[in-house]
Amino acid sequence: MSAPIKETSAIPAQRGVHKVPAHTGDERGEGVVLNVFSHGFLALWALLIVLPLLWLVLSSFKTDAQIGGSAFGWPQHWSLDVFGRAWDKGIGDYFLNTVIVLVFSVPLTMLLGSMAAYVLARYRFWGNRLLYYFFVAGAMFPVFLALVPLFFMVKRLDMLNTYQGLVLVYVAYSLPFTVFFMHAFFRTLPTAVFEAAILDGASHSRTFFQVMLPMAKPGLLSVGIFNTLGQWNQFILPTVLMQPQSGDDPERYVLTQGLIQLQQQQGYATDLPVLFAGVTIAMVPMLVVYLSFQRQVQAGLTSATLK
């Protein structure tokens, strides 16, 4: 007798294959509505930011009569004389003082902050977490609570109304955020590269400066832009620390102080175009810096999540 023939299906069974459910019309409609809402909100947000900046720049080219007659009108005469008047009234000196302070404060903040973040992220020792949370707590501490003791401390060091005093305070003010940001970035870097450098005989300092720091360039650029913007727009700290102590002391006001000084100098004879030109001079460099490094800032912010 022959063995019975087993009936087999014409289509072989496929194991482990799951059918992906097709998107229904309702889901597609919800996605379209969500995209329209999100893009509309972003467009509205962009207008709320761009239009006031555009109005400010255009007002710099108007006269007092044009601003009083039609604040939203188009300038009749395009001339850069008002920017020269604003520069001669002290904006040039305030601009130079701000640049001098930031030339020293931003690189020093980046150097000390990246070194501290690297040690806390790569080395295990007693008190590591305590030091890290100490920096995090410093980022959440309101600067207004420290103004009085900070003033007397800087005065005792004889650094009031000096560049070095403001530089040191800016560095201490920006370190917590820098350490917090760079700590998360250094933890995402591959450990194999760090171990290979140590096995090849590189010292800890050489490993940091020649291996790990170049790999952290996107994060350094991002946090550097944030520190530059924050220190450029700082007002409360220079107002407390950059005040002449006597009649012989020079006025080392920074831009944020200088704009207030420019407004107070006008008195009743207001010259609004000069004031608008001064604000434009203070605003344009930071816009240029941010727009120039916009992609690098976005890459640095997202690289820690994508790695």
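Start with the whole protein shown as a surface: about 19,900 Å² is exposed, and carbon and sulfur atoms supply 68% of it. The model is a predicted one.

Switch to a cartoon view. The secondary structure comes to 13 helices and 0 strands. Of the 307 residues in the protein, 35% are buried. Among contacts with a separation of 6 or more, 75% join residues 24 or more positions apart.

**The core**

Select I91, L166, M182 and F186. These residues have the most contacts inside the largest nonpolar core, which has 54 residues. Now colour helix α3, residues 81–122: this helix gives the core its largest share, 13 residues.

Keep L166 selected and show its surroundings. Which residues is L166 in contact with, leaving aside its neighbours within four places in sequence? They are V101, L237, P238, L241, M242 and V254.

**Helix α4**

Move to helix α4, residues 128–140. With 13 residues at 1.5 Å a residue, the helix should span 18 Å; the end C-alpha atoms are 19 Å apart, which agrees.

Select N128, Y132 and V136, which are buried in α4. They cover an arc of only 60° around the axis, so they sit on the same side of α4. Show α3 and α6 (163–188) as well, since the buried residues of α4 pack against these two helices. Then turn to the face of α4 directed away from its buried side and select L130 and F134, which are exposed.

**Aromatic rings**

Next, display the aromatic side chains. The structure holds 17 aromatic pairs. Select Y123 and F194, an edge-to-face pair with 6.1 Å centre to centre and 85° between the planes. The two rings come from distant parts of the chain, 71 residues apart: Y123 is in the loop between α3 and α4, and F194 is in helix α7 (residues 191–199). Is F194 buried or exposed? F194 counts as buried because its relative accessibility is 12%, under the 20% cut-off.

For another pair, select F177 and F181. This pair is tilted, with 6.1 Å centre to centre and 45° between the planes. Both residues lie in helix α6, 4 residues apart, about one turn of the helix. F177 counts as partly exposed, at 34% relative accessibility, whereas F181 counts as buried, at 15%.

Finish by selecting Y118, Y123, F186, F194, F208 and F209, which ring pairs link into a cluster. Two of these names have come up as a pair already, Y123 and F194, and F186 appeared in the core.

Key:
Residues are numbered from 1 along each chain as its sequence is written. This is a predicted model: local features need pLDDT of at least 70, side-chain atom pairs count only at pLDDT 80 or more; totals for chains, interfaces and linings use all residues. Side-chain values use heavy atoms; hydrogens and water are left out. A nonpolar core is a set of buried Ala, Val, Leu, Ile, Met, Phe, Trp, Tyr and Cys residues joined through side-chain atoms within 4.5 Å. Buried means under 20% relative accessible area, exposed over 50%, partly exposed in between (1.4 Å probe, protein chains only). Contact means heavy atoms within 4.5 Å. The expected span of a helix is 1.5 Å times one less than its number of residues. The arc is that of the directions from the helix axis to the C-beta atoms. Accessible areas come from the Shrake-Rupley method with a 1.4 Å probe; for residues, only the protein chains shown count as cover. Rings of Phe, Tyr and Trp (its six-membered ring) pair if their centres lie within 6.5 Å; planes under 30 degrees apart count as stacked, over 60 as edge-to-face and the rest as tilted.
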